[in-house]
Amino acid sequence: MAKITVKDGTEIYYKDWGTGQPIVFHHGWPLSGDDWDGQMMFFLNLGYRVIAHDRRGHGRSSQTSEGHNMDTYASDVAELTKALDLKDAIHVGHSTGGGEAIHYAAKFGEGRVAKVVLVSAVTPLMVQTADNPDGIPMSVFDEIREGTATKRAQYFQDFTIPFYGYNREGATISQGIRDNWWRQAMMGGIKAHYDGIKAFSETDFTDDLKSVDFPVLVLHGEDDQIVPFPISGAKAVKLLKNGKLISYPGFPHGMPATEAATINKDLLDFFKS
């Protein structure tokens, strides 16, 4: 398996296929690079170079007990992009991966990043605070922590239902999509998953969004039950200097899997623009 060893000794697994302009895919919590299969194959066949890594503690990367915060996630990506000598790269992040992508691009992306896409992303800030009164109460994230820490296997199976909007009237449930989410999640380490909840819910990406000059596309489902559109995509695009928003009525959080044809087309249009 292809891996790099970053400065603290953690091994980061990655897939790197094809040639052409590189696209780096950043997965969501608590998954792996496999969550981008539908996009990796699509863009590989169009002549792009596609890269997806497993975040530390997730998938096939080291199950380290430390470093599960956005600064370290971004640093790991910086070491990977340097090792692969990626330039003019497009970074596409889903959910937690959206936060990772924009944090990396703001801190390390100069000279390497061409564009960023935030898909169902946790930006700018999820948790409710005095300065973010319409955020999600901390009690919700405490419940996710408790479920992850004490009954992860069952909790993760149940989590797939709102993640993909399978609790909505008329939804066509794919057991394969649910099983694949659970498979990826259970490959990762429980400590990384537990600590990652703080990383995705309490990191404030406002300054990252404001600081970048390159084009950023924001894609978000209006029926996202995990990262609600009004507190995320709708806010994030207003902070960007060069941002564009596409919102999708009825689409769920996991829309790259359930609505891949639509998402892939809009990604391609942005890449070519």
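Strand 3, residues 22-26, is mostly covered in this predicted model: five of its five residues are buried. Pro22, Val24 and His26 point one way from the strand, while Ile23 and Phe25 point the other way, and all of these residues are buried. In a regular strand the side chains alternate between the two faces of the sheet.

Strand 3 has two pairing partners described here. With strand 4, residues 49-53, strand 3 pairs in the parallel sense over four bridges. Within that pairing, Phe25 of strand 3 has Ala52 as its bridge partner in strand 4. The connection between these two strands runs from strand 3 through helix 1, residues 37-44, to strand 4, and this β-α-β crossover is right-handed. With strand 5, residues 89-94, strand 3 also pairs in the parallel sense, over four bridges. Here the bridge partner of Val24 is His91 of strand 5. Phe25, bridged to Ala52, and Val24, bridged to His91, point opposite ways from strand 3.

Helix 1, which carries the crossover from strand 3 to strand 4, also meets helix 10. The axes of helix 1 and helix 10 come within 10 Å and cross at roughly 50°. That angle falls outside the ranges for roughly parallel (under 35 degrees) and roughly perpendicular (65 to 115), and the two helices are therefore oblique to each other. The crossing of helix 1 and helix 10 is right-handed.

Helix 10 itself comprises 13 residues, 260-272, and at 1.5 Å a residue it should span 18 Å. Its end C-alpha atoms are 18 Å apart, which agrees with that expectation. The buried residues of helix 10 are Ala260, Ile263, Asn264, Asp266, Leu267, Leu268, Phe270 and Phe271. The list thus includes Asn264 and Asp266 as well as Leu267 and Leu268.

A second helix pair is formed by helix 4, residues 138-163, and helix 5, residues 175-187. The axes of helix 4 and helix 5 come within 9 Å and cross at roughly 135°. An angle over 145 degrees would count as roughly antiparallel; helix 4 and helix 5 are therefore oblique to each other. Helix 4 passes helix 5 in a right-handed crossing.

Several loops contain backbone features that deserve separate listing. The table gives the two cis peptide bonds.

| Peptide bond | Omega | Place of the proline |
|---|---|---|
| Trp29 to Pro30, cis | near -10° | Pro30: loop between strand 3 and helix 1 |
| Thr123 to Pro124, cis | near 0° | Pro124: loop between strand 6 (113-119) and helix 4 (138-163) |

The loop that holds Pro30 belongs to the path from strand 3 through helix 1 to strand 4. The loop that holds Pro124 leads to helix 4, the helix that crosses helix 5.

Positive phi values occur at two residues other than glycine, Asp85 and Ser95. Phi of Asp85 is near 55°, and Asp85 is placed in the loop between helix 2, residues 70-83, and strand 5. Phi of Ser95 is near 60°, and Ser95 lies in the loop between strand 5 and helix 3, residues 96-108. Asp85 has a relative accessibility of 46% and so counts as partly exposed. Ser95, by contrast, has a relative accessible area of 7% and is therefore buried, the cut-off for buried being under 20%.

Notes. Residues are numbered from 1 along each chain as its sequence is written. This is a predicted model: local features need pLDDT of at least 70, side-chain atom pairs count only at pLDDT 80 or more; totals for chains, interfaces and linings use all residues. Side-chain values use heavy atoms; hydrogens and water are left out. The expected span of a helix is 1.5 Å times one less than its number of residues. Buried means under 20% relative accessible area, exposed over 50%, partly exposed in between (1.4 Å probe, protein chains only). Two strands pair if DSSP finds at least two bridges between them. A crossover is right-handed if, with the strands pointing away from the viewer, the path from the first strand over the helix to the second runs clockwise. Axes are lines fitted to C-alpha atoms, for helices over the stretch in contact, and angles run from 0 to 180 degrees between N-to-C directions. A crossing is left-handed if the near helix is turned anticlockwise from the far one by less than a right angle, and right-handed if clockwise.
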